[in-house]
Each structure stands twice: as C-alpha cells, then as structure tokens.
Amino acid sequence: MIDVLFIAEAFLAWAVLYAAQIPLRKEEHRVLRSAVFLLKLILIPAVAVLFSAIEWWLPYNFGRIMCAIYVALIGDVVASVVEYAVRWIRARGDADGESRHRFDHRIGAPIGLAICIVVLAYGTVNAETVNEDIHEWQADGLERAHTFAFAADLHTGSAQSMDVLRDFCRQVNESGAEFLILGGDVTDELTTYEEMVETYSILSTVDIPVYFVYGNHDRQPGADFVGGRTYTDEQLLDALEGAGIIVLADEFVQVDSDLVLLGREDLSVDSRKDWSELVNPYPGGALVVADHQPYDNVQLEEEVSALQLSGHTHAGQLWPLKTLYRLFYPQVCGEYDCLGTRLYVTPGMSGWAIPIRTEAHCAWELITLHPRCGMASRLLQRYIIVIRRASTAHGNRIRVRIHDERADDRMQSIDHRQEGLLGCPRNEVPFL
C-alpha cells in the first residue's frame, strides 16, 4: 500500500531542508557547513530511535513526519558527499583549488532528490515484500520431524496491508506446516476495530491449528497517545476465538505426543509469570517456547527448551537501528545460542506505524525440527532437505538456512539444573 501523503511529506521535508541550507553553502561558511553536515549525520539515527525505539506520543501522532525527515536527511547527506566528491575531482586541475569550496547546486539538488526517491522506493517495497525463511534444526525428545510456521509483528491495518496477509495465509496453507504460531503484534494502536476484525477473519482461512501469544501492541497499551482504544480486550478475544485461534498466555499445549508449545505472556504485562513458576504438565517431549520479546535475560539463563521463538525488534526497521540495538541488546535478529536453548528472533512481517523499512527484509519462518541423529544421517538429511525445498519452492523468494548443531558436551554445563525445572526427569529434558 503506497502512502501518497507520506511520499509528498518526504519530498517536502527534503525541499525545506535543502532550502534552509542555501545560505550556509557559501565559501565563507566552510566550517559551519561542516558542523551542519555532522549534525545531519547524527540526526539520522536519532530520528530513527525517536520514531521506533521509544514509546511516547510523538511517533503515534507524527510518525509519518518523522519518517519523512529521516528520508530527507539521508537524501541530503548522501547528496552532500557526492557533490563534494565531484567538486574535489573537478578542482584537481585548479591551481588555487578555490572551486572545490563552492557548492554546486546543479549536482547537489538532483542527487538529493534522486536519493530520496531511491530510499522511498526501497523502503516501501521492502516493507511489503515478505519472504519465507526456512530453518532446519534438531532437537532431543522428538520421535519424528515436525514442521510448523512462525510469524510475528504483522501490524495489519497500520503498517501492513490485508493483501499481504491474505498471501501469507495462502503460503502457510501450501507450506505443509502442521500448525502456525502467531508471535504477537498482529494488530496495534493504529488498527481500527473493523481492521482488527478483518485481520482475524483472514487468518481464519488458515486450515491448520493456529496458536497466538500477545505482543506489546495487540491490546493497545499506547492508545492514550492516539485518543483512546479502537477495540477492547474482550472484542480482541472474541475475534481470536471466532477465528478458531488458540490463545496462550503462560500456558502449555501438547501439539503432538512428542512436542509441547509454551506461549508466554508478554514481557510488558505485570501478570507475566517468572520462568521458575512455570511447570510443564507434558514432560518427556521437546519444548518450543513462543515469547514475543527476546529480552527476558533471566528466562534465557534458566530456560531449557528445544527452541525459543521471538519477534518484536523488526530487525531495527530503520537503518542503522539494528546495529545500534546490538549495543544494548544482542538479540536483535537471527539465531542465538543460549545456555539451555536456541533463540531465534524473526525480522517480522512488517514495520511499525508507517509502511517503510530500510533494514532487513520482512519474513515469516517455516521451521522443521528433526530428531537428533548420527552425523552421517544428519549430513544426508541436510542434502535431502535442500533438494526438496528447491524443487517445491514457488511464489515469494525463499531462503534456505541449514544450521550447524552445537556440541553435545554443552549439555553438561546445565546438567545440574535440569532435573525438575519443568517437571522433567533429568534424562528427558528437551534440549537443542
């Protein structure tokens, strides 16, 4: 969905920024011009952080303008660098070199406008192109292989279109998955009641069991910033149940005789239980944990499971936030080895608030957990997996990722705390 108003605001922001600097781009203001350039460099990540990393009133009400300024800053900074490089090359034959200090608007203006167009085009297409990422892992406690889908951060009605959601449901139905896990933030504060109802009506077309865990936006906790909620918790739950979706909030469900799913309440909710309070009533199989936010470090230190699936981060959404996030929380996007589990953080199926994304691609995950086997069988199995996926892939781009297994001797480091943690005997705790 192309936001024409947002595109117009981005061009207007660039034009205002460019015009405001015309008096500074004279030869006698070289030092001031350099200082302004450095300020613009700092403002690019600063605006991105203020838009997507901080929960406050400004992005809810002026998020589109903030993203427009972000695009304008990138266009202006890149144009300044290109224009200076061209001037410097042209001035090499100039004896006094004075021409290299005179800003050439014939270069700067069209380059800046072109960069804004490129960022807008890439960001919009990247936000609406949802890839299917395929993962193959092994787990103890399984009697057979299990394939299932995981998707988080759809944000339908605000940052993602219903057409993309329909296409996603079609792909899941064709994927051969046994069940689907929705990892939270399917809707948000900017989703209307009608859009919420339509979202779950579309999701009801998925013809396999669907499990849902809450994210930090589904129940619209930031609604006060936009004038109030558009739907109640009861209306949301009615829509979920009407679609046949099973809601898990610190609850276990046995999806098969050898596979258990734990859906966690969101980290932002006070009623969320500590990991030590959770008791698995289905010991003996592999445990998969779905937890919207990947930031519960206490849980990651204590958790013993085959896999934890999380979202929330959008892989940063706006460049260079993925890199900045890693300075504070390493679990931004991708696979992470924790003491007793493997954590995978999906990039999510959308951005937040505005349909623009200049960081990693959007994706949903198709995951296969295999029983642990010997090395020779494992290598043969991997080649078969790649060939099978390559021969059946169609539609959106598909990424195949084959993951190396961690050494079995890492089990020894957690042996002392396995027994009884989830009500499992020591030799039956699901790991890896």
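# Exercises on a predicted model

L50 touches W56, P59 and M66, when residues up to four places away in sequence are not counted. The structure used throughout is a predicted model.

## Exercise 1. The surroundings of L50

Task: Determine where L50 is placed and whether L50 is buried, partly exposed or exposed.

Solution.
1. Locate the residue: L50 belongs to helix α2, and this helix spans residues 30-52.
2. Take its relative accessible area, which is 33%.
3. Apply the cut-offs: buried means under 20% and exposed over 50%, with partly exposed in between. L50 is therefore partly exposed, given its 33%.
4. Relate the residue to one of its contacts: L50 and M66 are separated by 16 residues in sequence and by 8.4 Å in space, C-alpha to C-alpha.

## Exercise 2. The largest pocket

Task: Describe the largest pocket by its volume, the residues closest to its centre and the make-up of its lining.

Solution.
1. Begin with the volume, which is about 690 Å³.
2. Turn to the lining, which has 31 residues; S52, A53, E55, N216 and H312 are the closest to the pocket centre.
3. Assign the lining to helices: α2 (30-52), α3 (57-90) and α9 (321-326) each contribute at least two residues. The largest share, 3 residues, is that of α2.
4. Sort the lining by residue class: 14 are nonpolar, 12 are polar and 5 are charged.

## Exercise 3. Strand β1 and its cover

Task: Establish how many residues of β1 are buried and which residues lie on each of its faces.

Solution.
1. Count the buried residues of β1 (residues 130-139): 10 of 10 are buried, and the strand is mostly covered.
2. Separate the faces. V130, E132, I134, E136 and Q138 lie on one side, while N131, D133, H135, W137 and A139 lie on the other.
3. Combine the two sets: every residue named is buried, and both faces of β1 are covered.

## Exercise 4. The partners of β12

Task: Identify how β1 and β2 run relative to β12, and name residues that stand opposite each other.

Solution.
1. Consider β1 and β12: 10 bridges join these strands, which run parallel.
2. Place individual pairs between them. Q138 stands opposite H370, and W137 has L369 as its bridge partner.
3. Consider β2 (residues 146-151) and β12: 5 bridges join these strands, which run antiparallel.
4. Place a pair here as well: H146 stands opposite L369. L369 of β12 is thus a partner of W137 and also of H146.
5. Check the cover of β12: 9 of its 10 residues are buried, and the strand is mostly covered.

## Exercise 5. C373 after β12

Task: Locate C373 and relate C373 to Q138.

Solution.
1. Place the residue: C373 is in the loop that lies between β12 (362-371) and α10 (375-392).
2. Classify its exposure. The relative accessible area of C373 is 25%, so this residue is partly exposed.
3. Compare sequence with space: C373 and Q138 are 235 residues apart in sequence, yet their C-alpha atoms are 8.2 Å apart.

## Exercise 6. The protein as a whole

Task: Summarise the secondary structure, burial, contacts and surface of the protein.

Solution.
1. Count the elements: there are 11 helices and 13 strands.
2. State the burial: 52% of the 432 residues are buried.
3. Examine contacts between residues at least 6 apart in sequence: 76% of them join residues at least 24 apart.
4. Give the accessible surface, about 18500 Å², of which carbon and sulfur atoms account for 60%.

Note on methods:
Residues are numbered from 1 along each chain as its sequence is written. This is a predicted model: local features need pLDDT of at least 70, side-chain atom pairs count only at pLDDT 80 or more; totals for chains, interfaces and linings use all residues. Side-chain values use heavy atoms; hydrogens and water are left out. Helices (H or I, at least four residues) and strands (E, at least two) are DSSP runs, numbered from the N terminus. Buried means under 20% relative accessible area, exposed over 50%, partly exposed in between (1.4 Å probe, protein chains only). Contact means heavy atoms within 4.5 Å. Accessible areas come from the Shrake-Rupley method with a 1.4 Å probe; for residues, only the protein chains shown count as cover. On a 1 Å grid over the protein atoms alone, a cavity is a set of points where a 1.4 Å probe fits but cannot get out, and a pocket is an open set with protein on both sides within 12 Å along at least five of seven lines; lining residues have an atom within 4 Å of a point. Grid points are joined across faces, edges and corners, and a volume is the space filled by probe spheres set on the points. Ala, Val, Leu, Ile, Met, Phe, Trp, Tyr, Cys and Pro count as nonpolar, Asp, Glu, Lys and Arg as charged, and the others, Gly among them, as polar. Two strands pair if DSSP finds at least two bridges between them.
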